[in-house]
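This briefing reviews a single protein chain for a reader who works with structures computationally. The topics are overall architecture, pockets, a surface patch, charged contacts and backbone geometry.

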Amino acid sequence: KMASSAFPRGGAGVLTPLEVRSAVLEAERDVAAEKPAKKRKAKKRSLLRTDDEEITAKQPKRSLETLSFKKLRTGMILLGAVKEVRDYDATISLPNGLSGFVHATDISEQYTKKLTEKLSRE
């Protein structure tokens, strides 16, 4: 019985309507008793600009373009995450759902040297 009274069924509240009303009235009295907060005065910004600010204001704003397959060029440096590594290549996840493949010899010179040493031993 204790569990059923602590967790009533049907979404009914634990408090009666009279208890809810008295709690609301008490909360309203508490809010009315508090003093209103003081407003802070905003500091005035200087209207004078330095030479650097004037130069940057005159420069055109730069915009970024989204990456697409048509915009990819040889030699571009992109940020990607390694998705899968296989024996001789790796799959790279690129922005906007694009994928790339990197051959094992294109990863780094040190990795290429170790790979050729391993293959020469076999």
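The points below are grouped by topic. The model is predicted, not experimental. The chain holds 4 helices and 3 strands, and 8% of its 122 residues count as buried. Its largest pocket encloses about 270 Å³, and a search of the whole structure returns 2 salt bridges.

**Architecture**

- Along the sequence, the secondary-structure elements follow the order α-α-α-β-β-β-α.
- Helix α2 spans residues 17-33, strand β2 covers 89-93, and strand β3 runs over residues 99-103.
- Of the 122 residues in the chain, 8% fall in the buried class, for which the relative accessible area must be under 20%.

**Largest pocket**

- Rolling a probe the size of a water molecule over the atoms reveals where empty space remains.
- The largest pocket has a volume of about 270 Å³.
- Its lining consists of L72, R73, T74, G75, M76, I77, L78, I92, L94, G100, F101 and V102.
- Strand β3 makes the greatest contribution to this lining, supplying 3 residues.
- By class, the lining of the largest pocket comprises 8 nonpolar residues, 3 polar residues and 1 charged residue.

**Second largest pocket**

- The second largest pocket has a volume of about 150 Å³.
- The residues that line the second largest pocket are D87, Y88, Y111, K114, L115, K118, L119 and E122.
- This lining is divided into 4 nonpolar and 4 charged residues, with no polar residue.

**Nonpolar surface patch**

- L15, V20 and V24 make up a nonpolar patch on the surface, and their accessible area together is about 230 Å².
- Within this patch, V20 belongs to helix α2.
- V20 has a relative accessible area of 41% and is therefore classed as partly exposed; the cut-off for patch membership is over 30%.

**Salt bridges**

- The whole structure contains 2 salt bridges, for which the distance limit between the nitrogen and the carboxyl oxygen is 4 Å.
- In one of them, R86 pairs with E84, and the closest N and O atoms are 3.9 Å apart.
- In the other, D89 pairs with R86, with a separation of 2.9 Å between the closest N and O atoms.
- Through shared partners, the salt bridges connect E84, R86 and D89 into one network.
- R86 is partly exposed at a relative accessible area of 37%, E84 is partly exposed at 40%, and D89 is partly exposed at 24%.

**Backbone geometry at N96**

- N96 is a residue other than glycine with a positive phi, the value being near 60°.
- N96 is located in the loop that joins β2 to β3.
- The relative accessibility of N96 is 52%, so this residue counts as exposed, a class that requires over 50%.

Terms used. Residues numbered from 1 in each chain as written. Predicted model: local features only at pLDDT ≥ 70, side-chain atom pairs only at ≥ 80, totals over all residues. Heavy atoms only, no water. 1 Å grid on protein atoms, 1.4 Å probe; cavity = no way out; pocket = protein on both sides within 12 Å on 5 of 7 lines; lining within 4 Å. Points joined across faces, edges and corners; volume = space filled by probe spheres on them. Helix = DSSP H or I, 4+ residues; strand = E, 2+ residues; numbered from the N terminus. Nonpolar A, V, L, I, M, F, W, Y, C, P; charged D, E, K, R; others polar. Patch = residues over 30% accessible without salt bridge, like charges linked within 9 Å, V, L, I, M, F, W, Y side chains within 5 Å. Areas by Shrake-Rupley, 256 points an atom, 1.4 Å probe, with all protein chains shown as cover. Salt bridge = Lys/Arg side-chain N within 4 Å of Asp/Glu carboxyl O. Buried < 20%, exposed > 50% of the residue type's maximum accessible area, 1.4 Å probe, protein only.
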